[in-house]
Amino acid sequence: MFTIKRYALVLGVFVLMSGPAFADGHAKPLPKSPSFKTDVQPILKANCLECHKPGGSGFEKSGLDMRTHWGFMRGTTFGPIIIPGEASLSNLLRMIEGQTDKAIRRPHNGKKIEKVVRNIIRRWINQGAKNN
């Protein structure tokens, strides 16, 4: 039996999943095929690049340079940050979803990245993390 509460929950999840993303402060529809340049890179720039570029503390500690697709895909001195096609196994998603120790959880400033924005990154990784 499909109760009113269950219907409202399903409708609410649908609205959240199809609603706008605020990666750069402007509402955008959740892309079906996110591109690195137009969808992912602005998220990285807004949330990660301050530390993960040469001279930044994140770069100095991990070697992760998020300025370009190549630097991002190269990963850290400890290994890859993402596994193309396998978002659930990618360390980046684990860190931004709070599934790691607080010492390496990101973003470091404590502001949690919105779920809809994390889903853009998840979708991009699951679709192969292409440089598009």
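Is Phe72 buried or exposed, and what is its relative accessibility? I would like to begin there, because at 0% relative accessibility Phe72 counts as buried, and the surroundings of this residue will take us through a good part of the structure. Please keep in mind throughout that we are looking at a predicted model.

Let me first give you the overall plan. The protein has 132 residues, and 36% of them count as buried. Its secondary structure comes to six helices and two strands, and if you follow the sequence from beginning to end, the elements appear in the pattern α-β-β-α-α-α-α-α. When we take the contacts between residues at least 6 apart in sequence, 46% of them join residues at least 24 apart. As for the outside, the protein exposes about 8,500 Å², and 60% of that area is supplied by carbon and sulfur atoms.

Now we can go inside. The largest nonpolar core has 25 residues, and the ones with the most contacts inside it are Met66, Phe72, Ile82, Leu92 and Trp124. Two or more residues of this core are given by each of the elements α2, α5 and α6, and the largest share, six residues, comes from α6.

That brings us back to Phe72, which has a long list of partners once we leave aside its neighbours within four places in sequence: Phe72 is in contact with Phe36, Leu44, Leu64, Asp65, Met66, Ile81, Ile82, Leu92 and Trp124. Two of these partners, Phe36 and Trp124, deserve a closer look, since ring pairs link Phe36, Phe72 and Trp124 into a cluster.

How many aromatic pairs does the structure hold? There are three aromatic pairs in the structure, and one of them is formed by Phe36 and Trp124, whose rings are 5.5 Å apart from centre to centre, with 40° between the planes, which is a tilted arrangement. Because Phe36 lies in helix α2 while Trp124 lies in helix α6, this pair ties together parts that are 88 residues apart in sequence. Both partners are buried, Phe36 with a relative accessible area of 2% and Trp124 at 1% relative accessibility. Another pair is made by Phe72 and Trp124, with ring centres 5.9 Å apart and planes at 35°, so this pair is tilted as well. Here Phe72 belongs to helix α4, residues 69–74, and Trp124 to helix α6, so the parts tied together are 52 residues apart in sequence.

Since Trp124 keeps returning, let us turn to the helix that carries it. Helix α6 covers residues 115–126, and its twelve residues should span 16 Å at 1.5 Å a residue; the C-alpha atoms at its ends are in fact 16 Å apart, so the expectation and the model agree. The buried residues of α6 are Val116, Val117, Arg118, Asn119, Ile120, Ile121, Trp124 and Ile125. After α6 comes Gly128, whose phi is positive, near 105°.

Two further residues show what α6 meets. Ile96 lies in helix α5 and counts as buried at 4% relative accessibility. Leaving aside neighbours within four places in sequence, Ile96 is in contact with Arg106, Ile113, Arg118 and Ile121, and the last two of these are among the buried residues of α6. With Arg106, Ile96 is separated by ten residues in sequence but by 5.0 Å in space, counted from C-alpha to C-alpha. The other residue is Ser35, which lies in the loop between β2 and α2. Ser35 is buried, with a relative accessible area of 12%, and beyond its neighbours within four places in sequence it is in contact with Val40, Trp124 and Asn132.

Finally, a word about the cysteines. How many disulfides does a search of the whole structure find? The search finds zero disulfides, and Cys48 is in none, the nearest cysteine sulfur being that of Cys51, 8.9 Å away. A disulfide here requires sulfur atoms within 2.5 Å, so the separation between Cys51 and Cys48 is too far for a bond. The surroundings of these cysteines can be described too: Cys48 counts as buried at 13% relative accessibility, whereas Cys51, at 24%, counts as partly exposed.

To close where we started, Phe72 is buried at 0% relative accessibility, and ring pairs link it with Phe36 and Trp124 into a cluster.

Methods. Residues are numbered from 1 along each chain as its sequence is written. This is a predicted model: local features need pLDDT of at least 70, side-chain atom pairs count only at pLDDT 80 or more; totals for chains, interfaces and linings use all residues. Side-chain values use heavy atoms; hydrogens and water are left out. Buried means under 20% relative accessible area, exposed over 50%, partly exposed in between (1.4 Å probe, protein chains only). Helices (H or I, at least four residues) and strands (E, at least two) are DSSP runs, numbered from the N terminus. The expected span of a helix is 1.5 Å times one less than its number of residues. Contact means heavy atoms within 4.5 Å. Accessible areas come from the Shrake-Rupley method with a 1.4 Å probe; for residues, only the protein chains shown count as cover. A nonpolar core is a set of buried Ala, Val, Leu, Ile, Met, Phe, Trp, Tyr and Cys residues joined through side-chain atoms within 4.5 Å. Rings of Phe, Tyr and Trp (its six-membered ring) pair if their centres lie within 6.5 Å; planes under 30 degrees apart count as stacked, over 60 as edge-to-face and the rest as tilted.
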